[in-house]
Amino acid sequence: MPAKQFMREAAYKSALVSRENPEQLIIALEPEAASIYCRKLRLHQMVDLGTQTTQNGFSPTENVGSGMTQAKEHVRRNRQSRTFLVENVIGELWSELEEGDRYVVVDCGGGTVDLTVHQIRLPEGHLKELYKASGGPYGSLGIDYEFEKLLCKIFGQDFIDQFKIKRPAAWVDLMIAFESRKRAAAPDRTNPLNINLPFSFIDYYKKFRGHSVEHALRKSNVDFVKWSSQGMLRMSPDAMNSLFKPTIDHIIQHLTELFEKPEVSDIKFLFLVGGFAESPLLQQAVQNMLQGRSRIIIPHDVGLTILKGAVLFGLDPSVIKVRRSPLTYGVGVLNRFVEGKHPPEKLLVKDGTRWCTDVFDTFIAADQSVALGEMVKRSYTPAKPSQQVIVIHVYCTEKEIAGFISEPGVRKCGTLRLDVSGTESTAPRREIQTLMQFGDTEIRAMAVDVSTGRTVKASIDFLSH
């Protein structure tokens with residue numbers, strides 16, 4: 001929630017939209033955007049790793065990793081034919097999906113990998129989220145981090161730390177050089193990968209240590225990285241693949257856990273999207289893990305999947321009909337004190353009435369299915385008749401059920417503000433009815449003063465604690 005609000009604030013500040021018309025900005029969620037785009041895929045726009053048949057003269061099973069490269073090459077050579085690497089089916093992939101079919105979208109980016117499971121609802125083909133997006137920091141940056149660790153092992157952590165500070169541009173150049181070689185890594189690769197070391201790296205190392213880079217490589221116990229006569233770091237394919245291993249292992253473990261969940265049984269397709277999805281090493285690992293349990297589909301413009309899906313979502317935000325709440329949200333309230341039910345330390349006596357404090361009043365529970373536009377209604381009364389603003393703290397927790405806001409794991413995550421100025425009424429007891437909308441990508445709040453029927457300004461702030 002704070003991240004979404006931050007994006008909204010940034011959009012207001014950059015004058016993309018105005019605060020007066022907040023509905024002009026719709027926030028799209030990455031895994032959903034990927035899912036929407038995958039529905040629209042035409043057969044010539046993707047690679048199906050699961051097909052065993054020979055298409056257009058070559059069999060993709062000869063070599064999984066190079067399927068993508070071969071496909072690209074094939075397109076280049078054969079512009080007239082737009083059907084390569086697809087099964088001989090008429091119409092779209094989507095036409096094979098039936099009511100209730102499930103698919104997983106695995107979005108592999110630089111920083112994170114996110115998993116979402118969607119189910120088809122016919123006739124309109126709306127999506128229902130079965131499993132809330134989950135993931136972890138297992139993106140391709142992990143490989144860069146492993147490369148940096150390797151450099152520290154060869155040249156020393158102290159030198160690498162200093163080099164980054166003193167020669168930042170050269171460090172960026174080195175990482176860019178690594179990036180292009182990283183993209184060349186494949187399961188079947190046999191020839192070494194050469195990484196260009198910037199001149200200032202070689203120069204600065206000599207000044208820093210008093211001996212050459214070549215000397216450092218000879219002296220280090222890293223035998224799979226050599227110094228080539230052209231002044232490059234030469235890595236064996238195994239050395240490069242080992243940099244991928246920790247990150248890919250994390251992803252595979254995460255996927256394995258996902259496939260063990262009951263709501264994720266019987267998955268028809270697995271869409272692999274995001275920039276990191278281009279990696280043949282990752283593709284092969286996913287294929288080995290699935291063992292043919294579901295078909296793996298990779299869109300050709302895999303790096304643009306999210307962007308294109310976001311555009312489609314903007315054209316029709318109602319395409320996702322049911323979402324799952326990632327957290328339990330609620331507020332702290334006072335309830336009548338019940339002997340034996342409420343803990344004695346929560347007792348508060350006010351004007352002769354016994355109250356129980358800190359009660360967690362749940363709006364919506366974690367993992368609960370929420371339909372688009374679903375509302376939660378609550379009524380509040382200002383403590384003093386003259387009050388201008390009612391401030392209610394919003395709490396959240398990963399637990400599905402919480403009794404009190406003081407429980408471990410419950411944290412304050414936002415503030416609901418109700419501006420009741422100018423709506424004073426003669427009614428002895430004022431009631432402000434709030435409506436919170438949860439099924440959208442963002443949580444919205446509206447409020448009405450019941451006695452006058454006037455709208456009260458309501459907003460939820462997730463940024464300032």
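**Close-up views of a predicted model**

**View 1. The largest nonpolar core and its best-connected residues.** The largest nonpolar core (buried Ala, Val, Leu, Ile, Met, Phe, Trp, Tyr and Cys residues joined through side-chain atoms within 4.5 Å) holds 74 residues, and F155, L255 and L270 have the most contacts inside it. Buried here means under 20% relative accessible area, exposed over 50%, and partly exposed in between (1.4 Å probe, protein chains only). Helix α9 (residues 237-259) gives this core its largest share, 10 residues. Apart from this core lies another, of 30 residues, including F337, V394, V420 and M436. This is a predicted model, where local features need pLDDT of at least 70 and side-chain atom pairs count only at pLDDT 80 or more, while totals for chains, interfaces and linings use all residues. Residues are numbered from 1 along each chain as its sequence is written, and side-chain values use heavy atoms, leaving out hydrogens and water.

**View 2. The surroundings of L270.** Leaving aside residues up to four places away in sequence, L270 touches V104, V106, L255, F259, V286, L290, S294, R295, I296 and I297; contact means heavy atoms within 4.5 Å.

**View 3. D107, a buried acid in strand β2.** D107 sits in strand β2 (residues 102-108); strands are DSSP runs of E, at least two residues, and helices are runs of H or I, at least four, numbered from the N terminus. D107 is buried but has no salt bridge (a side-chain nitrogen of Lys or Arg within 4 Å of a carboxyl oxygen of Asp or Glu). The nearest side chain of opposite charge, R183, is 13 Å away; Lys and Arg count as positive, Asp and Glu as negative, with His and the chain ends not counted. Beyond four places in sequence, the residues that D107 touches include E30, T112 and I306.
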